[in-house]
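Open the model in your viewer and set it to a cartoon view. We will go through it one selection at a time.

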Amino acid sequence: MKYLQKCKDCRKYGLINSKSKCIYCGGTLINPFPPRYSPIDKYSKYRIIYFKEEFKKRFEES
Ligand SMILES: [Zn+2]
């Protein structure tokens, strides 16, 4: 799975990087997942599928 973060300023998605800065506008990248999200969660497999669907919807909307 790719680690995506969302720009707080221009709302574009970008790959996580060490500086947490948006490559488009230099804004701050934030975690688009809710705080409860944990990769070691035993249900994470299902949750990732859910988030993929959510990402698709958001990409289609914008
Ligand atoms: Zn940005």
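Begin with the sheet: this predicted model has an open sheet of three strands, ordered β2-β1-β3 and paired in the antiparallel sense. Because β2 and β3 stand at the edges with a single partner strand each, one side of each is left without a neighbour in the sheet.

Now zoom out to the whole chain. It holds one helix and three strands, and from the N terminus on the elements follow the order β-β-β-α.

Next, select residues 4-7, which are strand β1, together with residues 13-15, which are strand β2. These two run antiparallel and are joined by three bridges. Show Leu-4 as sticks and look across to β2: the residue standing opposite is Leu-15.

Stay with this hairpin and follow the turn. Five residues lie between the strands β1 and β2, and in this hairpin Arg-11 takes a positive phi near 65 degrees.

Then move to the other side of β1 and select residues 29-30, strand β3. Here β1 and β3 pair in the antiparallel sense over two bridges. Which residue of β3 is the bridge partner of Lys-6? Select Ile-30 and you have found that partner.

While the side chains are on display, one general point may help you read them: in a regular strand, side chains alternate between the two faces of the sheet.

To finish, colour the whole chain by burial. Of its 62 residues, 6% count as buried. As for contacts between residues at least 6 apart in sequence, 17% of them join residues at least 24 apart.

Methods: Residues are numbered from 1 along each chain as its sequence is written. This is a predicted model: local features need pLDDT of at least 70, side-chain atom pairs count only at pLDDT 80 or more; totals for chains, interfaces and linings use all residues. Two strands pair if DSSP finds at least two bridges between them. Helices (H or I, at least four residues) and strands (E, at least two) are DSSP runs, numbered from the N terminus. A residue is buried if 20 or more other C-beta atoms lie within 10 Å of its own, exposed if 12 or fewer, and partly exposed in between; C-beta atoms are placed from the backbone. Two residues are in contact if their C-beta atoms, placed from the backbone, lie within 7 Å.
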